[in-house]
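Q: I am new to this structure and would love a close look at one part of it. Could you walk me through the strands and how they pair, and then show me how that part sits in the rest of the protein?

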Amino acid sequence: KKSVVHAKIAVVDDIWTTIGSHDLNFLSTYGLIEMNIDILDKNFTASFNHELEGIMQNDCIQILKDDYSKNKSLIEKITEWLAYQAMRFSLWTLVFITSKK
């Protein structure tokens with residue numbers, strides 16, 4: 001089975017396209033308003049996948065993890081990690097406070 005994932009767009013097995021904002025995590029499932037559109041059409045999926053491949057080849061720059069982090073100082077890496085943890089905690093807290101059981 002072929003599966004190509006592009007951010008919030010997925011083309012699966014060349015017959016199914018899904019486009020949207022829903023992530024596979026508890027925040028999207030329980031705490032946020034999310035939406036996806038799923039299209040089960042071989043012709044649409046082939047055309048859409050062709051368009052995505054063209055965009056990636058002509059308009060995108062590949063960023064590898066090693067290239068991204070090698071130019072950052074230790075302070076920058078620690079700051080980014082702390083910011084990520086703070087955001088993650090804030091979102092978890094928001095979901096916990098607003099959830100109704």
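A: Gly-20 has Asn-36 as its bridge partner in strand S4. That pair belongs to the meeting of S3 with S4 (residues 36–40), two strands that run antiparallel and are joined over five bridges. Please keep in mind as we go that this is a predicted model.

Let us stay with Gly-20 for a moment. Glu-34 is 14 residues away from Gly-20 in sequence, and the two C-alpha atoms are 7.7 Å apart in space. Glu-34 sits in the loop that runs between helix H1 (26–31) and S4. Is Glu-34 buried, exposed or partly exposed? Its relative accessibility is 24%, so Glu-34 counts as partly exposed.

Now move along S3 to Thr-18, which is found in that strand. The side chain of Thr-18 makes a polar contact with the side chain of Asp-38, at 2.5 Å. Thr-18 has a relative accessible area of 10%, and because buried means under 20%, Thr-18 is buried. For the protein as a whole, buried residues make up 15% of the 101 residues.

S3 has another partner as well. Strand S2 (residues 9–12) and strand S3 (residues 16–20) run antiparallel, with four bridges joining them. Two of the facing pairs are easy to find: Ile-9 stands opposite Ile-19 in S3, and Val-12 stands opposite Trp-16 in S3.

What connects S2 and S3? The two strands form a hairpin, with three residues between them. In the turn, Asp-13 has a positive phi of about 55°. Asp-14 also lies in the loop between S2 and S3. Asp-14 is not a glycine, yet it has a positive phi of about 60°. With a relative accessible area of 32%, Asp-14 is partly exposed.

With the strands in place, we can step back to the whole chain. The protein has four helices and four strands. Starting from the N terminus, the elements follow the order β-β-β-α-β-α-α-α. Contacts can also be sorted by how far apart their residues lie in sequence: among contacts between residues at least 6 apart, 41% join residues at least 24 apart.

From here, let us follow the chain to helix H4 (residues 74–98), where Ile-78 lies. What does Ile-78 help to make on the surface? Together with Leu-74, Trp-81 and Leu-82, Ile-78 makes a nonpolar surface patch of about 450 Å². Ile-78 counts as partly exposed, because its relative accessibility is 41%. For the setting of this patch, consider the accessible surface of the protein, which comes to about 8,600 Å², with 63% of it belonging to carbon and sulfur atoms.

A charged pair comes next. Side chains of opposite charge can pair when their charged atoms come close. Here, the side chains of Glu-80 and Lys-72 meet in a salt bridge, with 2.9 Å from N to O. How many salt bridges are there when a side-chain nitrogen of Lys or Arg must lie within 4 Å of a carboxyl oxygen of Asp or Glu? The count comes to one salt bridge. Glu-80 has a relative accessibility of 34%, so Glu-80 counts as partly exposed. Lys-72, with a relative accessible area of 22%, is partly exposed too.

Our last stop is Thr-93, which also lies in helix H4. A polar atom of the Thr-93 side chain lies 2.7 Å from the backbone oxygen of Phe-89. At 22% relative accessibility, Thr-93 counts as partly exposed.

To bring the tour back to where it began, S3 pairs with S2 over four bridges and with S4 over five bridges. Along S3 you can now pick out Trp-16 opposite Val-12, Thr-18 in polar contact with Asp-38, Ile-19 opposite Ile-9, and Gly-20 with its bridge partner Asn-36.

Technical notes
Residues are numbered from 1 along each chain as its sequence is written. This is a predicted model: local features need pLDDT of at least 70, side-chain atom pairs count only at pLDDT 80 or more; totals for chains, interfaces and linings use all residues. Side-chain values use heavy atoms; hydrogens and water are left out. Patches are made of residues with over 30% relative accessible area and no salt bridge: like charges are joined within 9 Å, nonpolar side chains (Val, Leu, Ile, Met, Phe, Trp, Tyr) within 5 Å. Accessible areas come from the Shrake-Rupley method with a 1.4 Å probe; for residues, only the protein chains shown count as cover. Buried means under 20% relative accessible area, exposed over 50%, partly exposed in between (1.4 Å probe, protein chains only). Contact means heavy atoms within 4.5 Å. Two strands pair if DSSP finds at least two bridges between them. A polar contact is a pair of N or O atoms within 3.5 Å; within protein, one must be able to donate a hydrogen and the other to accept it, and residues adjacent in sequence count only if both atoms are side-chain atoms.
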